[in-house]
Amino acid sequence: MICKCLSLSISYAATIGGLTTIIGTSTSLIFLEHFKNRYPDAEVVNFGTWFVFSLPITVIVLFLTWVWLHWLFLGCNFRETCSLSKKKKTRQEELSERRIQEEYEKLGKMSYQEKVTVVFFILMTLLWFTREPGFVPGWESLFEKKGFRTDATVSVFLGFLLFLIPSKKPQFTCFGKEESGKDFQMQEALSPMLTWQEFQKHMPWEIVVLVGGGYALAAGCKTSGLSTWIGRQMECLSSLPSWAVSLLACILVSAVTEFVSNPATITIFLPILCSLSEALHINPLYTLIPVTMCISFAVMLPVGNPPNAIVYNYGHCQIKDMVKAGLGVNIIGVGIIMVAINTWGISLFQLNTFPDWAMVHNSTQHL
């Protein structure tokens with residue numbers, strides 16, 4: 001039970017933490033790209049406003065998720081878990097601490113390769129944060145003037161550098177021959193930090209196919225006209241208030257994204273919700289922002305998002321465990337997001353009015 005709880009906790013923490021910034025998840029990046037293309041005059045959503053809106057959501061959802069997983073897998077002994085008083089440890093706790101200490105000592109000191117990886121991770125994070133912060137011009141503006149796109153430049157460039165940076169790796173070399181066979185000696189040889197053979201061996205191709213298939217499905221739904229057909233079926237929502245339309249949209253995408261990957265779901269529903277919001281004279285952000293965040297809570301099945309697939313591939317969690325734990329996280333996430341969009345989200349994004357930038361697009365569409 002502890003192993004299942006820890007595995008799912010890591011998966012959920014990765015998902016919830018990604019909501020904090022506009023670059024944290026693929027769904028938020030797809031939303032931002034679509035929003036800018038559809039409403040080029042809108043300057044409401046940027047790195048700063050998204051961070052101010054989503055940071056309280058992340059903190060609250062993370063805490064409630066911990067409470068839910070603790071109750072589900074470890075019971076209701078919260079007082080004992082949070083107690084700071086010293087107590088006598090059981091034999092099982094002592095053995096666990098000893099085993100953790102032994103595993104930690106086996107790690108040894110940080111190697112050269114690990115230090116380089118940490119530096120690259122920090123550098124990549126800084127470049128992502130400063131690419132388009134919103135409140136000040138980012139380094140992306142230097143390339144936009146020349147017509148270059150920088151969507152995947154940072155990760156591709158730093159990943160390519162790993163194939164060029166030299167490092168010393170232990171290798172077995174033959175130094176003599178005898179009748180009985182060959183004698184080998186382990187020596188350090190200079191080679192690239194990451195080779196193509198190592199990349200192929202450790203790359204989780206099943207996750208790449210899973211995510212890539214989601215993009216392919218999204219493109220197919222858009223080209224075939226399925227998105228337009230679904231939008232027409234939702235015109236009956238015109239008699240409902242704005243918050244009810246947003247809530248129903250969140251519930252709908254939360255159900256769909258459990259069976260379809262996140263990129264496919266967001267790509268299918270973005271044009272539908274934009275058209276619906278314009279027809280109902282609702283601020284498009286009233287539906288787009290909560291839907292974008294709710295899609296990330298696809299935590300009930302392995303196909304929902306990459307962290308789920310990684311945890312399921314790890315082998316300790318079964319489908320029923322993920323469904324049971326993910327259902328509670330899904331309800332918590334939708335509930336907190338709806339509270340946020342109807343409280344500080346209204347004043348932050350001016351959601352009470354139908355904006356001019358959406359009105360211009362709407363009138364152009366009718367013409």
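Here is a walk through this structure, from the overall fold down to a few individual residues.

Keep in mind as you look around that this is a predicted model. The chain has 18 helices and two strands. Of its 367 residues, 39% count as buried. As for how the fold is wired together, take the contacts with a separation of 6 or more: residues 24 or more positions apart account for 73% of them.

Let's start at the N-terminal end, with helix α1, which covers residues 2–17, and helix α3, which covers residues 47–74. Two packed helices are described by the angle between their axes and the distance between the axes. For α1 and α3, the axes come within 10 Å and cross at roughly 165 degrees. That angle is over 145 degrees, so α1 counts as roughly antiparallel to α3. The crossing of the two is right-handed. If you want to select the contact in your viewer, the α1 side consists of Ile-2, Lys-4, Cys-5, Leu-8, Ser-9, Tyr-12, Ala-13, Ile-16 and Gly-17. Facing them from α3 are Thr-58, Val-61, Leu-62, Thr-65, Leu-69, Phe-73 and Leu-74. Sorted by class, the residues of this contact come out as eleven nonpolar, four polar and one charged.

α3 also gives us a starting point for a long jump along the sequence. Val-339, a residue of helix α16, lies 282 residues from Ile-57 in sequence, yet their C-alpha atoms are 9.3 Å apart in space. Val-339 has a relative accessible area of 49%, which makes it partly exposed.

Now move on to helix α12, residues 242–256. Its 15 residues reach 21 Å from the first C-alpha to the last, close to the 21 Å expected at 1.5 Å a residue. Which of its residues are buried? They are Ala-244, Val-245, Ser-246, Ala-249, Cys-250, Val-253 and Ser-254. An α-helix has 3.6 residues a turn, so residues three or four places apart point the same way. With that in mind, look at Val-245, Ala-249 and Val-253, which are among the buried residues of α12. The cover over the buried residues of this helix includes α13 (262–280), α14 (284–295) and α16 (319–341).

Leu-248 also sits in α12, but with a relative accessible area of 40% it counts as partly exposed. Setting aside residues up to four places away in sequence, Leu-248 touches Leu-237 and Leu-240. Its C-alpha is separated by 9.7 Å from that of Val-291, 43 residues apart along the chain.

Next, take α12 together with α13. Their axes come within 12 Å and cross at roughly 165 degrees, and the two helices are therefore roughly antiparallel to each other. This crossing is right-handed. On the α12 side, the contact uses Val-245, Ala-249, Leu-252, Val-253 and Val-256, while α13 brings Thr-265, Phe-269, Leu-273, Leu-276 and Leu-280. By class that gives nine nonpolar residues, one polar and no charged ones.

While you're on α13, have a look at Ser-277, which is found in this helix. Is Ser-277 buried or exposed? Its relative accessibility is 2%, so Ser-277 counts as buried. Leaving out neighbours within four places in sequence, its contacts are Ile-282, Pro-284, Thr-287 and Phe-354.

Following the chain past α13 brings you to α14, which packs with α16 at an angle of about 155 degrees, with their axes 10 Å apart. That makes α14 roughly antiparallel to α16, and their crossing is right-handed. From α14, the contact takes in Leu-285, Tyr-286, Ile-289, Pro-290, Met-293 and Cys-294; from α16, it takes in Val-334, Ile-337 and Ile-341. The class count here is nine nonpolar, no polar and no charged residues.

Finally, a word on backbone angles. Most residues other than glycine have a negative phi. His-281, in the loop between α13 and α14, instead has a positive phi near 55 degrees. Gln-350 also has a positive phi, of about 50 degrees, although it is not a glycine. You'll find Gln-350 in the loop between α17 (344–349) and α18 (356–366), where its relative accessibility of 47% makes it partly exposed.

Conventions
Residues numbered from 1 in each chain as written. Predicted model: local features only at pLDDT ≥ 70, side-chain atom pairs only at ≥ 80, totals over all residues. Heavy atoms only, no water. Axes fitted to C-alpha atoms, helices over the stretch in contact; angles between N-to-C directions. Helix = DSSP H or I, 4+ residues; strand = E, 2+ residues; numbered from the N terminus. Parallel < 35°, antiparallel > 145°, perpendicular 65-115°, else oblique. Left-handed = near helix turned anticlockwise from the far one by under 90°. Contact = heavy atoms within 4.5 Å. Nonpolar A, V, L, I, M, F, W, Y, C, P; charged D, E, K, R; others polar. Expected span 1.5 Å × (residues − 1). Buried < 20%, exposed > 50% of the residue type's maximum accessible area, 1.4 Å probe, protein only.
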